[in-house]
Amino acid sequence: MTDAQTLNVDEARVEAFAGRLITDFAGASTTAMTVLGDRLGLFRAMTGAGPVTPAELAATTGLNQRLVTEWLRQLAVSGYVTVDGDRFTLPFEHALALSVVDSPAYVVAAGEIVTGFFLSLEHLEAAFRADGGLSGDEVPGCTYHGIERYFRTAYVNQLAQTWFPAVPGLVAKLKSGARVADVGCGHGFADLLIGRMWPRSSVTGFDVHEPSIATARARAIEAGSPANVSFHVADAAAIGGHGRFDVVVYFDALHDLGDPEAALTAAYDALAPGGVVVAVEPWSADDWTGTIGMPITRIGYASSTALCTPGSLAQPGAYGLGTLGGPSQRLELLAKAGFVDPALAADTGFNLVVTARKP
Ligand SMILES: C[S@@+](CC[C@H](N)C(=O)[O-])C[C@H]1O[C@@H](n2cnc3c(N)ncnc32)[C@H](O)[C@@H]1O
């Protein structure tokens, strides 16, 4: 009798799980190679180039041929590129996810966010052993840039097409000219987009992270310094003093706040009567156990553990809402702040759009 039989261990289950673990580590390994290819411009160079040899790819990118060869083989065994003899091809369908900016499938930047989990591990270990807080300064730069690039895809393909039309009266407000506050605006891509799409409206982006606001201001200059978009360093609970708003939005930011209740109260106070609050949150379900095994919740709970919840716990309020947790919790928060008609306006399977209005 083996020890495993003595302990009544299901050996097939052990084998299956060990295999599963190796499969996950293989995915993580390919993620590292994907981030490398993204940063080095390898995917861009392969896009539309047809079959290329490692030597050709190394020559067009100016990179080390020996390493480019190993990288191509790793991506070939991972099924990201195809191989025929000594030539490698990036299928266009794969390029849409890896290198064609603003394609609806362009999700490569999620790899930068995952990289940030690894780079934060030391700080996270300390946070787990202490008060759970991880300040914005302890988050690596690749996380912020990854968020900017990853969310850009959703803004370009969803904001005007799906999210805003789902909120009653919002698009009409923006068309005729509304004052919009974007709380937790990060690098400000959405604000510049809204300002461009609805030129009669004005957008004020707020974020507590100074380097993010500096980047947002630089992005505004690159975009020609639109007169209807501005950025300010401010905590979500302290957005007063910038005039009245007609719309307050939180794009993937409500759950990051140290004190979402205080923030929503500040939003309520800053809104004009009839004003609208909108929070776009990562997709999640009220019953999280129904989401077991879904890639989106696997990434979501990792983000929650490594980034969003410790970020919230590091702030005054230390609310720790969590990246996921379902729409009901969010709707309750809106109602608690005094808003009426809280509703789940859209569920795209990728995001939840919750909204309410000030009477
Ligand atoms: C996940 S990022 C989203 C950024 C941006 N909305 C986007 O979609 O690209 C969350 C943002 O919330 C900001 N944030 C966190 N706590 C905040 C607070 N208390 N007040 C204002 N901004 C805050 C962070 O600095 C970060 O830029």
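In this predicted model, a nitrogen atom of the ligand lies 3.0 Å from an N or O atom in the side chain of Asp235. Taken alone, the ligand would expose 590 Å², and the protein buries 92% of that area. Beyond the ligand site, the points below turn to the second largest pocket and to the salt bridges found in a search of the whole structure.

**Ligand surroundings**

- Of the 18 residues around the ligand, those that come nearest are Tyr155, Gly184, Asp207, Phe251 and Gln315.
- Tyr155, one of these nearest residues, has an N or O atom in its side chain 2.2 Å from an oxygen atom of the ligand.
- At Val208 the partner is instead a polar backbone atom, which is 3.3 Å from a nitrogen atom of the ligand.
- Sorted by class, the shell around the ligand consists of 10 nonpolar, 4 polar and 4 charged residues.
- Helix H9 supplies the largest share of this shell, with 3 residues.

**Second largest pocket**

- The second largest pocket holds about 230 Å³ of space, and 14 residues line it, with Glu148, Arg152, Phe189, Arg219 and Glu222 lying nearest its centre.
- Two or more lining residues come from each of helix H9 (141–163), helix H11 (189–197) and helix H12 (210–222).
- Among the contributing elements, H11 gives the largest share of the lining, namely 4 residues.
- In terms of class, the lining of this pocket comprises 6 nonpolar, 2 polar and 6 charged residues.
- Helix H9 therefore has a place in two settings, since this helix gives two or more residues to the pocket lining and also the largest share of the shell around the ligand.

**Salt bridges**

- Across the whole structure, the search finds 15 salt bridges.
- One of the salt bridges joins Asp38 to Arg149, with the closest N and O atoms 2.9 Å apart.
- Because Asp38 belongs to helix H2 (residues 11–40) and Arg149 to helix H9, this pair ties together parts that are 111 residues apart in sequence.

Notes:
Residues are numbered from 1 along each chain as its sequence is written. This is a predicted model: local features need pLDDT of at least 70, side-chain atom pairs count only at pLDDT 80 or more; totals for chains, interfaces and linings use all residues. Side-chain values use heavy atoms; hydrogens and water are left out. On a 1 Å grid over the protein atoms alone, a cavity is a set of points where a 1.4 Å probe fits but cannot get out, and a pocket is an open set with protein on both sides within 12 Å along at least five of seven lines; lining residues have an atom within 4 Å of a point. Grid points are joined across faces, edges and corners, and a volume is the space filled by probe spheres set on the points. Ala, Val, Leu, Ile, Met, Phe, Trp, Tyr, Cys and Pro count as nonpolar, Asp, Glu, Lys and Arg as charged, and the others, Gly among them, as polar. A residue is near a molecule or strand if one of its heavy atoms lies within 4 Å of it. A polar contact is a pair of N or O atoms within 3.5 Å; within protein, one must be able to donate a hydrogen and the other to accept it, and residues adjacent in sequence count only if both atoms are side-chain atoms. Accessible areas come from the Shrake-Rupley method with a 1.4 Å probe; for residues, only the protein chains shown count as cover. A salt bridge is a side-chain nitrogen of Lys or Arg within 4 Å of a carboxyl oxygen of Asp or Glu.
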